[in-house]
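Biologist: Mind walking me through this one? Let's put it up on the screen and start from a single spot.

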Amino acid sequence: MDKFSRRQFIRWLGRAGAWPALSAMTWPLAGCGEQDKVAQESNPAASATKARVVIVGGGFGGATCAKYLRRFVADAAITLIERDSTYTTCPFSNTVLAGINAPDFINHGYVELEQRYGLELVHDTVTDIDPVAKQVRLNGGATLAYDYLVLSPGIDFRWDSIEGYDENTAQRVPHAWQAGDQTEILRTQLQAMPDGGVVIVAPPGNPFRCPPGPYERVSLIAHYLKTNKPGSKIIILDAKDKFSKQALFMQGWEALYPGMIEWVKGSDFGMVERVDARTNTLYSNFDSAHTADVINLIPPQKAGAIAHTAGLVNADGWCPVDQRTFESTVHKDVYVIGDASVAGQMPKSGFAANSQGKVCAAALAARILDIPLPDPSYVNTCYSLVSPDYGISVAAVYRVSDGEIKKVTGAGGVSPMDVDMAFRQAEARYAVGWYQSITADAFS
Amino acid sequence: MQRRLSRSLIVSFALSAVYAASSHAETVELNRGAMLSNSCAACHGTDGNSPGAIPSIRGKSAEFIETAMVEFSQGKRPGTVMNRHASGYTDEEIRLIAEFFSTRP
């Protein structure tokens, strides 16, 4: 359709040498926002230009926000900055680990999203944000100006919290809590493990990405081992004393994998404090040693790196926002959605990020179109597979009251206990259906 | 400064021309119905058009959606997760959601 798309235009600017010149002219004005404002106000043509929205991070939050903003606003200039040309989802990465789905099942491209919604896709990373001049600087050297900036950077790891654990060690002792290469490392280790071996999964304390995720992982690893290496065991070394959907998971484990899974809770010294990657040994409180054939160590987390660089985080390492709009309480016109944000009672999940991306898109649209923002409404549903035919869920509807996102009372909750297998099978089918729907909703 | 302004103008006009020529997906009005209904899409698909096992609700009659939601919320219709969701909405909100999906193209 477009004879001359914005992307081509940007390329043309680049070729003509105009883009670097523009960047060079505007960047030194950092701290001189007043000058820009004056220039724009005295120039009617400039104020009539399209709103420029730059969205950083093409996961469930960022991709959804870009798409839904376009649905509300036909003529905004929307740029989505994402490092990779393919996004690998954490949801359903546990099915890949367990050999239920091929690795490509969780990969999603951006071409359809880009073309269908007229987005400018930039495959790069942001190294610096200037909230006064309202510009982001890319690793590739370019500088992009914005009217509104949305960050959906996901999580980063607190490497300093477990002695002996860092990005290099994680190549041998994977966290697999960002999907892709890490998923593949853990999958390969599970396949290479002998029958009769021991797997340790070590989840962190709250808050962290995908609260039921480690326990779904344990379930699907158990499914793989039961099928392929039935003499093996799984030990959960947990920093916590309770976990998401605990009663449902434990009922499922008892029914499907009796005697195979041992849970060591935090108060029983489950919390991991040190790792020795050479001997594949974890040390928990009071230095009790746990050696295993395969270790999946999921470290404590914080908001993605760019949120820290931009100074958008609180003392806990997450980003405080106005929970009606997701605008940062630190810098105006900068929004933070998804795992990185402090979102009241919502969990850090792909579903929550998708829901927040839509509300944030509505908040941006309300500002751009100068219309009122309807009261925000949020939803979360986390399906977990205890086996490929055994699904459980937790759900909630959320509204904002007293400035905080809170669950609507009388709604939501977990799947019922003690139901027949038809119910569990239906939820397993819906788990797959959910994955197909949300990935289509975010990436196409 | 004069030189910078004129460059900005050129960029603005060029971008406007590009955007006027591009065609995007249909625009959705930002209202309460859209706000409430957008969150349904994570399971039921964008505009209620589900690609998988979860039922599509796009283009179903408003009466059908409203009846189903009210019955889910009252526990009169068997379900897995919809009973837990439907009870989170008032009758008026359910009407807005039903209207939204019944009118999706």
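Biologist: Which loop of chain A holds G58(A)?

Modeller: Keep in mind that we're looking at a predicted model. With that said, look at where β1 (52–56) and α5 of chain A are joined. G58(A) sits in the loop between β1 and α5 of chain A.

Biologist: Is G58(A) buried or exposed?

Modeller: The cut-off for buried is 20 or more other C-beta atoms within 10 Å. G58(A) has 29 C-beta neighbours inside 10 Å, so G58(A) counts as buried.

Biologist: And how far apart in space are G58(A) and H123(A), C-alpha to C-alpha?

Modeller: Along the sequence, 65 residues separate G58(A) from H123(A). Leaving aside neighbours within four places, the contacts of G58(A) include L80(A), Y87(A) and Y110(A). From G58(A) to H123(A), the C-alpha distance is 9.7 Å.

Biologist: Where does the largest nonpolar core lie with respect to domain 1 and domain 2 of chain A?

Modeller: That core has 152 residues, and V53(A), L69(A) and I97(B) are among those with the most contacts inside it. Its largest share, 10 residues, comes from helix α12 (residues 350–369) of chain A. Domain 1 (6–83 + 124–156 + 303–376) and domain 2 (159–299 + 381–443) of chain A both contribute residues, so the core lies between them.

Biologist: What does L69(A) touch, leaving aside its neighbours within four places in sequence?

Modeller: L69(A) is one of the residues with the most contacts inside that core. Its partners, sequence neighbours within four places aside, are V53(A), A76(A), I78(A), A361(A), L364(A) and A365(A).

Biologist: How do the residues on the side of domain 1 of chain A that touches domain 2 divide into nonpolar, polar and charged?

Modeller: Across that boundary, 19 residues of domain 1 are in contact with 19 residues of domain 2 of chain A. α5 (60–72) and α12 each supply at least two residues of the domain 1 side. The split on that side is eight nonpolar, seven polar and four charged.

Biologist: Which residue in the turn between β6(A) and β7(A) has a positive phi of about 60°?

Modeller: Strands β6 (residues 126–130) and β7 (residues 135–138) of chain A pair antiparallel over four bridges, with V126(A) opposite L138(A). They form a hairpin with four residues between them, and the one with that phi is K134(A).

Biologist: Which residue takes a positive phi near 110° in the hairpin of β7(A) and β8(A)?

Modeller: β7(A) also pairs antiparallel with β8 (residues 143–145) of chain A, over three bridges. There, R137(A) has T143(A) as its bridge partner. Four residues lie between the strands of this hairpin, and the one with that phi is G141(A).

Methods:
Residues numbered from 1 in each chain as written. Chains lettered and ligands numbered in written order. Predicted model: local features only at pLDDT ≥ 70, side-chain atom pairs only at ≥ 80, totals over all residues. Core = buried A, V, L, I, M, F, W, Y, C linked by C-beta atoms within 7 Å. Buried ≥ 20, exposed ≤ 12 C-beta atoms within 10 Å, placed from the backbone. Domains from an automatic or database assignment. Contact = placed C-beta atoms within 7 Å. Nonpolar A, V, L, I, M, F, W, Y, C, P; charged D, E, K, R; others polar. Pairing = 2+ DSSP bridges.
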